[in-house]
Amino acid sequence: MQRAFMNANFPDERHYSPMAVINSVSGGGGGGQQNVIPQHGEAGCNALQTSVIEECLYAAQRSTLRAFATGHTGTASVAANYCADILGRFLLEVLNKRAEMGANLLKPGEGLLDGRGGLGQAAQNLMNTAQKGLRGGANVVRGKGGNNPGVGGGKNLDHEETPEVIQAIAMGVARACANTNDLEVAVEYTRRLEKKFASEIDSSYPRGHETEQLRMCVKSLGPVTDSFRDASNSAIQNLISVIMPRVRSIVNDAVGQDGAGAGTASFGAVMGGVGGGMGGGGGGIGGGGSRFNYDLDEAAFELAQISEGYMDKLCSSLDDLINPLRVHLAPRLADILVIGVLGGASKRIEAAIRRTQFTALGALSLDSDIRNFINYSKDRVDSPELKSNVSLCKACKPLARLAQIALLMNVDDLDDVLDLIASSKRKGNWDLKLDDAKAFLNLRVDFEGRKVNELLRVQGED
């Protein structure tokens with residue numbers, strides 16, 4: 001194991017391999033698991049794992065099975081306990097630190113992913129390395145007379161999106177994600193190891209009290225498996241927290257808050273705004289480009305139906321952020337990441353909704369935008385269990401709140417509000433408090449604030 005850890009500190013191509021993706025698939029006749037190879041563009045299609053897990057688990061298995069081969073239950077029990085301890089304590093600590101390091105390498109604007117100001121230093125270093133290896137190619141290294149010195153060099157490197165540059169950054173992202181994937185691999189391999197030892201006991205040891213004690217020692221690998229799963233969940237949550245500032249910045253840019261419209265140098269995508277805002281009664285957030293505006297008259301509503309709105313820009317920018325991660329993370333981790341990003345974006349959209357006003361046509365436009373966002377969300381998750389609106393909203397409460405807000409804002413008459421809330425509560429899909437409902441209904445310019453307050457005050461008393 002020590003050799004595996006040393007090799008991991010100085011990795012090369014041999015240190016990485018395609019991840020053995022295991023998805024739980026419910027068959028028609030029975031359960032079980034199958035190896036599922038993700039297709040191009042799907043979550044996990046380019047996921048890598050390092051050699052650390054296989055080398056460590058192989059060492060643990062081989063040494064423990066040698067002890068089993070003695071036929072002495074006491075020796076085998078000591079070996080099984082030591083195996084569980086070394087995996088659940090030492091290996092877990094190493095994998096946690098490596099996953100944290102991988103997340104830091106991916107930090108938008110500082111690491112390998114795009115930030116608001118463009119690529120981070122880690123990505124620029126990879127670009128320089130890729131281009132220096134192609135000095136003979138005039139299409140990659142161009143001396144154009146010197147107003148654009150190369151980043152970190154002083155050479156006039158033209159950082160174009162050449163295949164070599166794209167491949168270098170993609171490989172850097174894949175290897176950073178591999179550190180998190182290792183925890184998922186450890187979960188599966190530790191589970192297999194426990195089954196292997198249990199099978200060895202069944203075939204090599206007679207029934208008896210001492211054998212049952214040995215079996216209990218082997219079962220101590222179960223909590224180790226759980227600890228790897230918990231660590232994997234914590235690692236992906238840490239990665240979500242690392243990229244969340246960029247998610248908030250993307251939403252702010254899309255809806256026109258906090259300096260939207262500032263230039264963003266984005267690798268792999270050019271984000272163009274829509275010229276001219278959607279006119280209406282005023283009250284929209286932001287200036288030019290695709291505006292977050294639901295105070296719409298008929299003309300503005302018609303224009304909104306044929307124009308590229310803020311939601312298209314938002315989804316495109318989120319894709320630029322999460323797609324490089326989705327394809328390089330294990331499918332389960334990719335889904336958790338997507339749900340986390342959707343939750344952060346949904347909270348930001350809700351905050352923007354609270355700052356604008358709505359006409360009845362604007363409420364219809366909001367409903368259309370939220371439906372598009374939910375459809376986009378379903379397309380980005382991998383698990384079939386998250387493909388329905390109900391299951392997706394249960395997994396992502398902030399997205400569920402957006403759907404409920406859109407439903408509430410589209411009531412034709414205030415008298416329908418109480419029936420809507422009661423019906424939704426009976427179905428178990430209503431998360432808005434009365435104060436929330438009051439605040440959102442008061443954004444409708446055609447609803448009188450006094451009537452809204454009186455109506456919901458009566459509901460609160462009931």
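**Exercise 1. Is serine 391 buried or exposed, going by its relative accessibility?**

Solution. This is a predicted model, so we're reading computed values here.
- Step 1: find the residue. Serine 391 belongs to helix H12, which covers residues 389-395.
- Step 2: check the number. Its relative accessibility is 18%, and the cut-off for buried is under 20%, so serine 391 counts as buried.
- Step 3: look at who's around. Setting aside residues within four places in sequence, serine 391 is in contact with Glu385 and Leu386.
- Step 4: add a distance. From C-alpha to C-alpha, serine 391 and lysine 378 are 10.0 Å apart, with their positions 13 residues apart in sequence.

**Exercise 2. Work out where serine 365 sits and what it touches.**

Solution.
- Step 1: serine 365 lies in helix H11, residues 360-380.
- Step 2: with a relative accessibility of 7%, serine 365 is classed as buried.
- Step 3: leaving out residues up to four places away in sequence, serine 365 touches Tyr294, Leu296 and Phe301. Hang on to Tyr294 for the next one.

**Exercise 3. Classify the ring pair made by tyrosine 294 and tyrosine 310, and place it in the chain.**

Solution.
- Step 1: the structure holds seven aromatic pairs. In the pair of tyrosine 294 and tyrosine 310, the ring centres are 6.3 Å apart and the planes meet at 80°, so we call it edge-to-face.
- Step 2: this pair links distant parts of the chain, 16 residues apart. Tyrosine 294 is in the loop between H7 and helix H8 (298-306), while tyrosine 310 is in helix H9 (residues 310-326).
- Step 3: check burial for both. Tyrosine 294 has 1% relative accessibility and counts as buried; tyrosine 310, with a relative accessible area of 2%, is buried too.
- Step 4: widen the view. Tyr294 and Tyr310 form one aromatic cluster together with Phe292 and Phe358.
- Side note: another ring has a charge over it. The charged end of arginine 444 sits over the ring of phenylalanine 447, 4.2 Å from the ring centre.

**Exercise 4. Describe the largest nonpolar core and follow one of its best-connected members.**

Solution.
- Step 1: this core has 112 residues, and Phe68, Leu87, Ile353 and Phe373 touch the most other members.
- Step 2: helix H7 (residues 221-255) gives the most to the core, namely 16 residues.
- Step 3: take isoleucine 353. Ignoring neighbours within four places in sequence, isoleucine 353 contacts Phe292, Phe358, Leu366, Leu402, Ile405, Phe440 and Leu443. Two of those names, Phe292 and Phe358, are also in the aromatic cluster.
- Step 4: a bit of background. In soluble globular proteins, nonpolar side chains tend to be buried together.

**Exercise 5. Sum up the chain, then say where you'd hold back.**

Solution.
- Step 1: the chain has 16 helices and four strands. Of its 462 residues, 47% count as buried.
- Step 2: among contacts with a separation of 6 or more, 73% come from residues 24 or more positions apart.
- Step 3: the exposed area is about 22200 Å², with carbon and sulfur atoms supplying 49% of it.
- Step 4: now confidence. The average pLDDT is 80, and 74% of the residues score at least 70.
- Step 5: find the weak stretches. Over residues 22-34 pLDDT stays under 50, and the model has 17 contacts there beyond four places in sequence. Residues 259-283 also stay under 50, with 58 such contacts.
- Step 6: where pLDDT is low, the predicted coordinates should not be read in detail.

How values were computed. Residues numbered from 1 in each chain as written. Heavy atoms only, no water. Core = buried A, V, L, I, M, F, W, Y, C linked by side-chain atoms within 4.5 Å. Buried < 20%, exposed > 50% of the residue type's maximum accessible area, 1.4 Å probe, protein only. Helix = DSSP H or I, 4+ residues; strand = E, 2+ residues; numbered from the N terminus. Contact = heavy atoms within 4.5 Å. Phe/Tyr/Trp six-rings, centres within 6.5 Å; stacked < 30°, edge-to-face > 60°. Lys NZ or Arg CZ within 6 Å of the ring centre and 35° of its normal. pLDDT = per-residue confidence, 0-100. Areas by Shrake-Rupley, 256 points an atom, 1.4 Å probe, with all protein chains shown as cover.
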